[in-house]
Amino acid sequence: MNDDDLTRLLKQHATRHPADERLRAAVRTQMTLQAAAQEAPPARPSWRERLASLTRIHPLLAGSGGLALGAALTMAAVLIAPRLTPDGPLPDELVAAHVRALQVGPLYEVASSDRHTVKPWFQGRLDYAPTVLELDSPLRDQGFTLLGGRVQSVQGRPTAALVYQVRLHKIDLYQWPVDRGAAPETLQRRGFNLVRWSDGAMQYWAVSDVDGAELQRFASAWRTAAAAH
Amino acid sequence: MTDVRRFEATVLPLLDVAHNLARWLLRDAATAEDAVQEAALRAFRYFGSLRGGEDAKPWFLGIVRNACFTALARERGRADVTLLDEDAWDRLEAQSPSPMPDPLAALGTRREQLLVDAALRALSPPMREVIVLRELEGLDYRDIAQVAGIPIGTVMSRLSRARAQLKRQLSLAGLP
């Protein structure tokens with residue numbers, strides 16, 4: 001048998017695995033959701049566009065099941081009712097990102113309970129080095145386990161998101177560089193709690209469906225651990 | 001929205017190739033679909049990094065193969081039937097004794113498919129990768145090098161080792 005015989009055999013007989021319709025639909029749905037999230041939030045005159053993009057989601061739903069429907073409706077709620085607050089649409093965007101990660105995934109792109117795996121994973125994916133806390137920190141003693149991390153588009157920029165678990169709840173912790181410190185502050189959006197604070201180098205936002213007191217406990221455990229880090 | 005349109009036009013048509021590659025690299029359909037979805041989402045996020053005029057095919061397939069090898073690494077430690085499915089191979093050998101010539105023509109096509117697929121599965125993932133890209137998808141060496149992130153020389157040596165192994169195994173099975 002020579003190379004040409006082999007090529008012929010492979011071409012004729014090897015099984016091909018084309019993408020099926022379900023996969024295509026899932027990819028398109030994911031893409032539409034991502035595009036909706038990436039759309040610069042302050043661009044308010046684009047109501048028409050937003051509505052148009054929502055109706056464009058619709059035909060895709062047929063092939064991609066209730067999960068996508070749920071996510072699409074979530075996005076619809078976020079897009080249709082942007083609340084104007086001092087933080088602008090940011091808290092809504094973070095909650096939407098959290099919900100989408102939970103529903104559509106991936107919740108984390110690097111899985112680990114060891115910061116020595118998670119932290120290096122961010123290298124080359126971000127233009128800053130996020131703070132990653134897990135071992136040797138009081139966080140774990142207080143029941144907060146690091147599940148992993150992912151890069152999340154926040155306000156159109158690649159942003160570090162760490163995922164912690166407490167009991168059955170997931171906590172997303174987003175962080176990006178800032179140059180001003182700020183004391184913790186608690187917000188609520190659609191039943192989700194958010195705590196934001198800054199240590200003068202990084203702005204942190206924690207988002208979760210755990211109750212507000214628990215999330216504040218997480219924030220204060222994080223601040224303590226980071227200070228000792 | 002123009003970015004979405006451009007993405008739809010350039011990347012979505014590559015989903016067949018992407019899925020074929022993923023399915024050949026990973027052990028089951030679900031993992032392959034996950035890898036393709038993950039790759040598509042990542043490609044969409046970083047679509048801006050694709051320069052105007054640059055061929056999207058090797059760029060996107062590179063993202064897909066990275067997602068696949070990440071998934072493979074995640075599964076390392078578990079028994080991997082994709083790497084070497086000995087049982088299936090033994091069963092095949094028993095069912096289709098190679099000295100038999102043509103009388104089983106009815107079974108012919110199916111049997112050849114089984115043998116070829118089994119031989120492909122027996123390759124290590126890096127060798128399977130270059131063979132699938134070259135022989136099934138017809139990519140040239142340069143594109144394969146870009147997808148796999150290896151020098152062209154390595155592409156050629158891997159291809160030649162993979163071909164040698166395939167020829168050996170298929171000849172043993174009585175093909176062509």
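**Exercise 1.** In this predicted model, A:Arg190 has its place in the loop between strand 5 (181–189) and strand 6 (192–199) of chain A. Work out what sign its phi takes, and whether A:Arg190 counts as buried or partly exposed.

*Solution.* Start with the backbone: phi at A:Arg190 is positive, about 45°, even though the residue is not a glycine. Next, count neighbours. A:Arg190 has 15 C-beta neighbours inside 10 Å, so it counts as partly exposed; buried would take 20 or more.

**Exercise 2.** Now try A:Gln155: where does it lie, and what is its phi?

*Solution.* Look between strand 2 (145–154) and strand 3 (157–166) of chain A; A:Gln155 lies in that loop. Its phi is positive too, about 50°, and again this is not a glycine. Then do the count: 16 C-beta neighbours inside 10 Å, which means A:Gln155 is partly exposed.

**Exercise 3.** Over to chain B: find the buried residues of helix 8 (residues 141–148) and say which helices they pack against.

*Solution.* First, pick out the buried ones: B:Asp143, B:Ile144, B:Ala145, B:Val147 and B:Ala148. Then follow their contacts, which lead to helix 4 (56–75), helix 7 (125–136) and helix 9 (152–172) of chain B. Finally, step just past the end of helix 8, where B:Gly149 takes a positive phi of about 65°.

**Exercise 4.** How many residues does each chain bring to the contact, and which helix of chain B gives the largest share of its side?

*Solution.* Chain B puts in 31 residues and chain A 26. On the chain B side, helix 3 gives the largest share, with eight residues. Sort that side by class and you get 16 nonpolar, five polar and ten charged residues.

Key. Residues are numbered from 1 along each chain as its sequence is written. Chains are lettered from A and ligands numbered from 1 in the order in which they are written. This is a predicted model: local features need pLDDT of at least 70, side-chain atom pairs count only at pLDDT 80 or more; totals for chains, interfaces and linings use all residues. A residue is buried if 20 or more other C-beta atoms lie within 10 Å of its own, exposed if 12 or fewer, and partly exposed in between; C-beta atoms are placed from the backbone. Helices (H or I, at least four residues) and strands (E, at least two) are DSSP runs, numbered from the N terminus. Two residues are in contact if their C-beta atoms, placed from the backbone, lie within 7 Å. Ala, Val, Leu, Ile, Met, Phe, Trp, Tyr, Cys and Pro count as nonpolar, Asp, Glu, Lys and Arg as charged, and the others, Gly among them, as polar.
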